[in-house]
Amino acid sequence: MGERIKKFRKKIRIHREGTNELTLSMLCLIAVGCIFFFCFESPVPFWAFIIVFGAAWLMALNFYRCPVRYFNGDTEHLVVAPADGKIVVVEEADENEYFHDKRLMISIFMSPLNVHANWFPVDGKVKFVHHQNGNYHKAWLPKASEENEHADIMITTPDGQDILVRQIAGAMARRIVTYAKEGEDCYIDEHLGFIKLGSRVDVYLPLSARACVTMDQPTTGDQTVIAKLS
């Protein structure tokens, strides 16, 4: 897209994937809390319920937070982190499902405490979207990339390079949501999808790409540059 500079706004909102769940659970908490308050003479059951389940609701609220972010700079030839988390793989790997050759693989593991919205890592056009059922191994294990349930999004950049993004379900994650649609234009700053609970996102790049991150480095989705394309 050429030079595109946007002001980064530190604004937090709730992701649409969690709006209904948070609202319904809050109504249930209020209803049950009223029962405890009016049906027990001792205040202990009421406050025990509020502390335990209130804390659980706040954890869910933290999980569904969705910061508004804009990448500040020229996006040409850059690959931006598709997720918040930690780098768990930076290596050459065989990709035998689509490319049938070696690719530079960069993987980001998301813990339950991370933001779980996913962003497009490059500007381009969505070539296809495939969803594959599978197992639920721990997301940081190497076999999770191929054996776990995952969604594959192939993106063709403006200069014709194919980039594969793989959303992977983990031991706790049981739902992958993908917004990318085949044939649509996509851009950095746009949401690619959402994965509930601990999970992982892999990015497969041409070997000519240069990695800009190292193992165990924390990433911020739509902000951290993870690689540069040739």
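1. Let's start with a bit of vocabulary: two strands count as paired if DSSP finds at least two bridges between them. With that in hand, look at strand 4 and strand 5, which pair in the antiparallel sense over nine bridges. One of the matched positions is alanine 93, whose bridge partner in strand 5 is arginine 103. Keep in mind throughout that you're looking at a predicted model.

2. Now for the turn between those two strands. The hairpin of strand 4 and strand 5 has five residues between the strands, and histidine 100 there takes a positive phi near 60°. It's a nice spot to click on if you're still getting used to backbone angles.

3. Stay with strand 5 (residues 101-110) a little longer. On its other pairing, seven bridges join strand 5 to strand 13 (residues 199-205), and the two run antiparallel. Isoleucine 108 stands opposite valine 201 in strand 13. As for cover, eight of the 10 residues of strand 5 are buried, so the strand is mostly covered.

4. Is strand 12 (residues 191-195) enclosed or open? Four of its five residues are buried, so strand 12 is largely enclosed by the rest of the structure. Strand 12 also has pairing partners you can trace. Strand 6 (residues 117-119) pairs with it in the antiparallel sense over three bridges, and tryptophan 119 has histidine 191 as its bridge partner there. Strand 10 (residues 176-178) pairs with strand 12 in the antiparallel sense too, over three bridges. In that pairing, threonine 178 is matched with glycine 193 of strand 12.

5. Just ahead of strand 12 there's a residue to check out. Aspartate 189 lies in the loop between strand 11 (185-186) and strand 12. Its relative accessible area is 12%, so aspartate 189 counts as buried. What does its side chain reach? The side chain of aspartate 189 reaches the backbone nitrogen of phenylalanine 71, at 2.8 Å.

6. Next, a small sheet. Three strands make an open sheet in the order 3-16-14, with antiparallel pairing. Why is one side of strand 3 (78-80) and of strand 14 (210-211) left without a neighbour in the sheet? Both stand at the edges and each has a single partner strand, so one side of each has no neighbour there. Strand 14 is joined to strand 16 (residues 225-228) by two bridges, and these strands run antiparallel. Arginine 210 stands opposite lysine 228 in strand 16.

7. On to charges: how many salt bridges does the structure hold? The count is eight. One of them pairs aspartate 84 with arginine 69, with the closest N and O atoms 2.7 Å apart. This pair links distant parts of the chain, 15 residues apart: aspartate 84 is in the loop between strand 3 and strand 4 (85-95), and arginine 69 is in the loop between strand 2 (65-68) and strand 3. Both aspartate 84 and arginine 69 are buried.

8. Other salt bridges sit around strands 4 and 5. Aspartate 94 and lysine 102 meet through their side chains at 3.4 Å, N to O. Aspartate 94 is partly exposed at 44% relative accessibility, and lysine 102 is partly exposed at 40%. Then there's aspartate 101 with arginine 103, whose closest N and O atoms are 3.3 Å apart. Here the cover differs: aspartate 101 is partly exposed at 31%, whereas arginine 103 is buried at 12%. Salt bridges with shared partners also join Glu95, Glu97, Asp152 and Arg166 into one network.

9. What about disulfides? The count is zero. A disulfide is a covalent bond between the sulfur atoms of two cysteines. For cysteine 39, the closest cysteine sulfur belongs to cysteine 34 and is 9.8 Å away, too far for a bond, since the cut-off is 2.5 Å. Cysteine 39 is exposed, with a relative accessible area of 58%. Cysteine 212 is partly exposed at 29%.

10. Last stop, the surface. Trp47, Ile50, Ile51, Val52 and Phe53 form a nonpolar patch there, with about 520 Å² of accessible area together. Valine 52 is part of helix 2 (residues 44-63). Is valine 52 buried or exposed? At a relative accessible area of 52%, valine 52 is exposed, because the cut-off for that class is over 50%.

Note on methods. Residues numbered from 1 in each chain as written. Predicted model: local features only at pLDDT ≥ 70, side-chain atom pairs only at ≥ 80, totals over all residues. Heavy atoms only, no water. Patch = residues over 30% accessible without salt bridge, like charges linked within 9 Å, V, L, I, M, F, W, Y side chains within 5 Å. Areas by Shrake-Rupley, 256 points an atom, 1.4 Å probe, with all protein chains shown as cover. Salt bridge = Lys/Arg side-chain N within 4 Å of Asp/Glu carboxyl O. Buried < 20%, exposed > 50% of the residue type's maximum accessible area, 1.4 Å probe, protein only. Polar contact = N/O pair within 3.5 Å; in protein donor to acceptor, adjacent residues only side chain to side chain.
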